[in-house]
Amino acid sequence: MLDMKYLRNNYEEIKEKLAHRGEDLHEFEHFGELDERRRELIRQSENLKAKRNEVSKQISVLKREKKDAEPAIKEMREVGEKIAAYDKELKEIEEKLEQIMLSIPNIPHESVPIGEDEEDNVEVRKWGEIPEFDFEIQPHWDIAANLNILDFERAAKVTGSRFVFYKGLGARLERALMNFMMDLHADEHGYEEMLPPYIVNRNSMVGTGQLPKFAEDAFKIEEWDYFLIPTAEVPVTNYHREEILSAEDLPKKFVAFSGCFRSEAGSAGRDTRGLIRQHQFNKVELVQLVKPEDSYETLEQLTGHAEKVLQLLGLPYRVMSMCTGDLGFTAAKKYDIEVWIPSQNVYREISSCSNFEDFQARRAGIRFRREPNGKPEFVHTLNGSGLAIGRTVTAILENYQQKDGSVVIPEVLRPYMGGKEVIK
RNA sequence: GGAGAGCUGUCCGAGUUGGUCGAAGGAGCACGAUUGGAAAUCGUGUAUACCGCCAAAAGCGGUAUCGAGGGUUCGAAUCCCUCGCUCUCCGCCA
């Protein structure tokens with residue numbers, strides 16, 4: 001959410017900046033008139049309330065002195081009706097305004113490349129050597145089927161499409177990655193470890209920006225106003241919702257493991273095979289709450305923390321800076337880390353690292369004070385996958401596949417795999 | 001699932017025959033005095049959002065907020081209703 005006053009005073013400038021996002025801004029057009037009407041109603045209503053408060057005091061005096069208060073009471077009864085009428089309209093206006101404010105995307109940072117879609121994203125850097133194979137390589141679902149470590153068919157029977165059973169060393173590999181990543185970020189990168197709820201309420205989903213606009217992407221619990229989390233970002237960022245932190249509390253650095261649940265509405269037919277696009281997957285997520293002046297430096301660091309995982313696993317990747325048209329709703333700046341997938345001959349997203357500036361903090365009411373008696377300011381929030389585990393398994397199976405169908409386990413994972421070197 | 005108790009400012013905690021209560025008191029914190037320095041002591045200050053005045057900040061004025069929402073009333077922290085959460089006991093359960 002943007003700052004209303006800032007929006008009011010810089011309407012044209014903001015409109016221009018948002019135009020690059022390619023979002024539908026027609027609701028945004030009504031902001032000016034609604035904002036004006038809102039303030040007019042507040043003025044009217046509050047003037048009457050001030051009067052009512054004053055007369056009510058007089059009434060109490062009159063009553064105590066056993067004088068006749070009836071004329072004043074009668075007058076205030078009428079004032080009360082007027083107030084109710086103003087407040088009724090005010091409430092309607094504010095609800096509309098709220099919807100508009102919640103539907104305006106974040107303003108891109110000046111360093112974000114201008115562009116329309118993913119074609120215009122800019123490669124920032126590349127790491128690692130793309131592996132060469134002297135045999136015919138297989139996609140990860142075939143590798144996994146031969147090794148009997150993933151079972152999509154039975155998951156389809158038990159649940160439905162886009163679900164999977166991990167088995168044997170496949171399950172072990174997933175678990176090894178979870179522990180490896182959590183250890184790395186907690187021990188080496190200084191994050192506080194967290195295991196969050198997988199179900200959150202509506203306010204949390206609004207706080208981080210999944211709602212109200214993207215309701216169709218989420219799984220909702222029937223009969224409850226609760227949602228399955230699409231990422232640990234939601235519970236972890238909302239951990240400090242409606243709180244005022246002190247300056248020495250910052251930065252807050254959390255690393256969280258969680259399952260993630262996505263309806264994948266609108267992606268029917270895409271990545272229908274394999275682990276790439278599941279309704280449920282595991283992820284280790286990095287979340288930081290920082291002072292505003294630190295957030296862009298933090299974005300670079302946080303992205304580096306995610307990259308470190310791939311470096312230690314020896315998986316080739318590249319870092320892309322998302323252009324204005326591909327930024328997503330909430331981010332002011334976003335890097336995607338893409339890992340090499342040999343069978344598809346492309347880099348695929350495995351992490352997304354974003355700086356939301358105060359966009360989420362304003363929605364979620366996360367603030368801090370620089371001085372004990374200072375004015376509260378909004379923190380800046382950031383997060384990034386560190387990493388999506390299912391896609392990491394995908395990358396390991398494919399990049400480390402051998403001619404005989406076995407898969408070499410990256411060295412750093414072997415202690416987590418009971419010392420095993422190969423899955424065969 | 002049943003029965004009961006509670007939810008007040010950063011924290012603790014008063015206030016429930018409706019009126020001068022944004023809210024006593026205490027603690028904490030900030031600033032100042034005192035001190036060689038500290039402790040102790042004394043003094044002052046210490047919520048948030050919004051609206052208005054101001055170019056802006058400071059400041060001033062106003063409105064709202066005592067778990068959330070609704071209701072009664074000229075007026076509600078105080079009365080009524082719904083919901084949420086916490087705690088205790090019983091039941092059930094991993």
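Where does the second largest pocket lie with respect to domain 1 (4-103) and domain 2 (118-423)? In this predicted model, both domains give residues to the lining of the second largest pocket, so the pocket lies between them. The space in this pocket amounts to about 410 Å³, and of the 18 residues that line the pocket, K17, I107, P108, H109 and E357 are the closest to its centre. By character, the lining of the second largest pocket is made up of eight nonpolar, four polar and six charged residues.

The two domains themselves are the parts into which chain A is divided, domain 1 covering 4-103 and domain 2 covering 118-423. Their C-alpha centres are 43 Å apart, and the contact between them involves six residues of domain 1 and 10 residues of domain 2.

A packing of two helices was examined next. Helix α5, formed by residues 140-147, and helix α12, formed by residues 389-399, have axes that come within 9 Å and cross at roughly 80°, which means that α5 is roughly perpendicular to α12. On the side of α5 the contact is made by H140, I143 and A144, and on the side of α12 by T394, L397 and E398. Three of the residues in this contact are nonpolar, two are polar and one is charged.

Contacts between residues distant in sequence are illustrated by R318, which is placed in strand β10 (residues 317-321). Although R318 and R125 are 193 residues apart along the chain, their C-alpha atoms are separated by 5.7 Å. When neighbours within four places in sequence are left aside, R318 is in contact with E123, R125 and K126, and also with D336, I337, E338 and Y347.

The backbone was then considered. Most peptide bonds are trans, and most residues other than glycine have a negative phi. Against this background, the peptide bond from L211 to P212 is cis, with omega near 5°, and P212 is found in the loop between α8 (202-208) and β6 (226-228). A cis peptide bond also joins G386 and L387, where omega is about 15°; L387 belongs to strand β15, which comprises residues 380-388. A positive phi in a residue other than glycine is found at N148, with a value near 60°, and N148 lies in the loop between α5 and β2 (150-151).

Terms used
Residues are numbered from 1 along each chain as its sequence is written. Chains are lettered from A and ligands numbered from 1 in the order in which they are written. This is a predicted model: local features need pLDDT of at least 70, side-chain atom pairs count only at pLDDT 80 or more; totals for chains, interfaces and linings use all residues. Side-chain values use heavy atoms; hydrogens and water are left out. On a 1 Å grid over the protein atoms alone, a cavity is a set of points where a 1.4 Å probe fits but cannot get out, and a pocket is an open set with protein on both sides within 12 Å along at least five of seven lines; lining residues have an atom within 4 Å of a point. Grid points are joined across faces, edges and corners, and a volume is the space filled by probe spheres set on the points. Ala, Val, Leu, Ile, Met, Phe, Trp, Tyr, Cys and Pro count as nonpolar, Asp, Glu, Lys and Arg as charged, and the others, Gly among them, as polar. Domain bounds come from an automatic or database domain assignment. Axes are lines fitted to C-alpha atoms, for helices over the stretch in contact, and angles run from 0 to 180 degrees between N-to-C directions. Helices (H or I, at least four residues) and strands (E, at least two) are DSSP runs, numbered from the N terminus. Angles under 35 degrees count as roughly parallel, over 145 as roughly antiparallel, 65 to 115 as roughly perpendicular and the rest as oblique. Contact means heavy atoms within 4.5 Å.
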